[in-house]
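Subject: Structure handover

Hello,

Here is the structure we spoke about, for you to look through. My notes on what was found follow below it.

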Amino acid sequence: MALLKVTKLSKIFGGLKAVSDFNTIIAPGELIGLIGPNGAGKTTVFNLLTGVYAPTEGRIEFDGAGLAGLKPYQITQRGIARTFQNIRLFSELSVLDNVKIAYHFHVRYGLAEAVLRIGRYFREEDEIEQKALTLLDIFQLAHRRDEIARNLPYGEQRRLEIARALAAQPRLLLLDEPAAGMNPQETQQLMSMIRWIRQEFNLTILLIEHDMSLVMGVCERIYVLDYGSVIAQGTPAQIRSNPRVVEAYLGEEVH
Amino acid sequence: MELNSFAQQLVQQLINGVSLGSIYSLIALGYTMVYGIIRLINFAHGDIYMLGAYVGFFCTSILGLSFFPALLAAMAVAAVTGIVIERLAYRPLRHAPKIAVLITAIGVSLLLEYGGILAVTPQPRTFPAVFPARIYTFGGIVVNSQQIVILAVALALMVLLTYIVQRTKIGRAMRAVSYDTDAARLMGINVDQVISFTFGIGSGLAAAAGVLVGIYYNSIDPLMGIMPGLKAFVAAVLGGIGIIPGAMLGGVIMGVVEALVSGFISSTFRDAAAFAILIAILLFKPSGLLGKNIREKV
Amino acid sequence: MRIQTKTDLASLACGLTLYALLEGLILADIIPPYWQLNVIRVCIYIILATSLNLINGITGQFSIGHAGFMAIGAYMSAIMTVKLGLPFLVAILTGGLAAALLGFLIGLPTLRLSGDYLAIATLGLGEIIRITILNISYVGGASGFMGIPKYTNFTWAFLLMLFTLFFIKNFVNSTHGRACIAIRENEIAAEAMGVNTTKYKVLAFTIGAAFAGVAGALFSHNFYMAHPTSFTFMQSFDILTMVVLGGLGSMTGSIVGVIALTGISAYMADYPEIRMIIYALLLIVLMLFRPQGLFGSKEISLRIFSRLTGGERRGAAQGN
């Protein structure tokens, strides 16, 4: 049973085919990489999967149900969470609050309970705080809980974004260039963290990355996108020896 | 006969509307150029129009100048004021959050209005008749000499503006900055200078509108800029903010709608009609009649 | 007992003590009538400023049409008391509900807009409300709604203000408030984290409108009349100035902003032009040198004092 099934997905922006005929079937627990040169349409695929853009054509099925017409927040509530290429934290809020917000749709207390501070209010607020702190612990950010997100170093901001996405309790996690701006050592740590969270949270992960060592190191299957179309797919070993990939990346090294 | 008199009144209101509308167009041009270039709703723009009316008033009634020198003096004073305001109040906030600049603009607007009241008292002044008021009648339709002057001056200024924007070096620089400020800077364009120039031109046009309105309604006061300012802004949004022909078109439409509403419904609903147009355009085509849609990149 | 409950009770006690103190001074006629009026004005404007802050500062939706909702509350409540002879409390509730309903109906389509466009749309809507009232002769039209009984007194104004403050504070410190703050911080990320951004924008707008309506009811029953000229966009700018002076997003900042500007107004009442010029210069200078307002989005709270006296530091994380 596929967790995510994408058939013939296309997106046209005013005559420009950003994504054309993208197909994939992802089984629960897989760790998939999406690579390709700049402007190949990778982030557009993410935006289509998360409902930011409506597809021009094609169908996206998540856990057996179509996602057509759903708003981004509804898709998140169905179990797909993401990070952003250009980090989008709640930059003026504390690290802890950033994570707490992502628990939002799991909270059941209503407006009256919040305003009068009765009923489930305190119990659920405590629960959120505990869960958020546990997540921060996992991402080694617990000591930063009261820091304003904007003041974190770049690598920590990326980690916080992943932590925040996990707080939404997704089954499918989309990571958009999680290693961008990280040094090799941080990238190494990130790799083992990605493997570990997949195990720990029972996740399926789809990631976009330019850092080939990371993609080849953690992904089990890789799709290569160029000019909006899939030009190759397969295991890291197959991708590495595919002549079309080498051509698309002409000048760039494929380790 | 019934129908005939209706048609007559309709044409009459259209003529009134176009005269009023050309004044809105002149003000709207300043809004749209400034917005196009630094994405600021310059709330103080309507007050520059008031300032222009007062300079025109003092030039004609106290210095005894005739119409054209007074018009030029008003435009010059307003242009300098516009440039000074930009330099002192807006330029330091070039990289500040939008809301800070908008609030500063509100502050500048209040300062001009109440500074004006302090300087010239809140009493309305009677604008001297700089033209012999002639009335021409064409088959029951009345056109007065003021309306002809307004249309002629407005049209001439719009042609001049179009020439400057389309055919001159500074006009090309304005278009470049409005299209992409950073790229324009990298191409060696002095962005600050272009912004100053834009404020200058926009303010000059508003001042011309102020003098024309003084001639049209014969009465000016320090708070006269508020409503026309807002309506001209609506006109700019209606035509597509940042688009120069859009401001001209929007202004004329606003004037016509206003004349029709006052002529056929009630003048008390005149202002409401302007805002209703605003809401409608914002909801159904926020990019304006001549604009294109854009959305934030994710 | 929980820390939050403790600080809530402490704040409530402080509020009630302040009430008792001021009410005592008013009853003993130590505060002259002119300043009594200004104390009531402060209470009304705190309701207006904090409710506008919920929309502008907390949710980040730039609205400048607050006077319109205030007008709805003022007129609806006056209809209740004058035309229908209903008690004041019913009139206040009706005023608040009517404003909320209108806020909801207006907010639903309008809040798709953002930034400048939303600002100008709310300004336009506020003016449409005013012009419509101006044309309804049932409520006095252009000459205003006369003969409204003076029901507003310090007690009504202060207790409703206290209620507003607690309502908004508790709202902001809940998951609903965090959703609103998330929208302010980054709308796309908020949506991606499962926040129904439309719902929360409209909710904040509706709550803000409701309290503006309540303030409007207090306003019209304080001055014996309601007049359309009280609800122009200048009124909205006044409220906005108070919020911005204190700091967008800071409730306590709004309170300080209201007290400061009402104080200036009260002292300068004989020189209205100079008062407006001071307002204008204050706005410009503030934006040039401290665009985030006096307090930014931070709160001054009792916790600061309790920390000074060696109290718990746990609560500090609760920031806003």
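Cys14(C) has no disulfide partner in this predicted model. The closest cysteine sulfur to that of Cys14(C) belongs to Cys43(C), and the two sulfurs are 16 Å apart, which is too far for a bond. A disulfide is a covalent bond between the sulfur atoms of two cysteines; the rule asks for those atoms to be within 2.5 Å. Over all chains, the number of disulfides found by this rule is zero.

Two cysteines can be set side by side for their surroundings. Cys14(C) has a relative accessible area of 43%, so it counts as partly exposed. Cys219(A) has a relative accessible area of 5%, so it counts as buried.

Next, the interface of chain B and chain C. On the chain B side, 42 residues are in contact with 37 residues of chain C. Together the two chains bury about 3,500 Å², and 85% of this is on carbon and sulfur atoms. The rule finds zero salt bridges across the interface of chain B and chain C. Polar contacts between these chains come to two residue pairs, both at pLDDT 80 or more.

Which helices of chain B supply at least two residues each to the side that touches chain C? They are α3 (67-90), α4 (98-120), α9 (226-239) and α11 (270-284). The most comes from α4(B), which gives 15 residues to that side. By type, the residues of chain B on the side touching chain C are 34 nonpolar, four polar and four charged.

The last item is a residue in chain A. Thr56(A) sits in the loop between α1 (42-49) and β4 (57-62) of that chain. Is Thr56(A) buried or exposed? The answer lies in between: its relative accessible area is 40%, so Thr56(A) is partly exposed.

Apart from neighbours within four places in sequence, Thr56(A) is in contact with Ser10(A), Lys11(A) and Ile12(A). For Ile12(A), the backbone nitrogen is 2.8 Å from a polar atom of the Thr56(A) side chain. Another threonine, Thr204(A), is 148 residues from Thr56(A) in sequence, and their C-alpha atoms are 26 Å apart in space.

Regards

Terms used: Residues are numbered from 1 along each chain as its sequence is written. Chains are lettered from A and ligands numbered from 1 in the order in which they are written. This is a predicted model: local features need pLDDT of at least 70, side-chain atom pairs count only at pLDDT 80 or more; totals for chains, interfaces and linings use all residues. Side-chain values use heavy atoms; hydrogens and water are left out. Contact means heavy atoms within 4.5 Å. Buried area is the accessible area (1.4 Å probe) that two parts lose on being put together, summed over both. A salt bridge is a side-chain nitrogen of Lys or Arg within 4 Å of a carboxyl oxygen of Asp or Glu. A polar contact is a pair of N or O atoms within 3.5 Å; within protein, one must be able to donate a hydrogen and the other to accept it, and residues adjacent in sequence count only if both atoms are side-chain atoms. Helices (H or I, at least four residues) and strands (E, at least two) are DSSP runs, numbered from the N terminus. Ala, Val, Leu, Ile, Met, Phe, Trp, Tyr, Cys and Pro count as nonpolar, Asp, Glu, Lys and Arg as charged, and the others, Gly among them, as polar. Buried means under 20% relative accessible area, exposed over 50%, partly exposed in between (1.4 Å probe, protein chains only).
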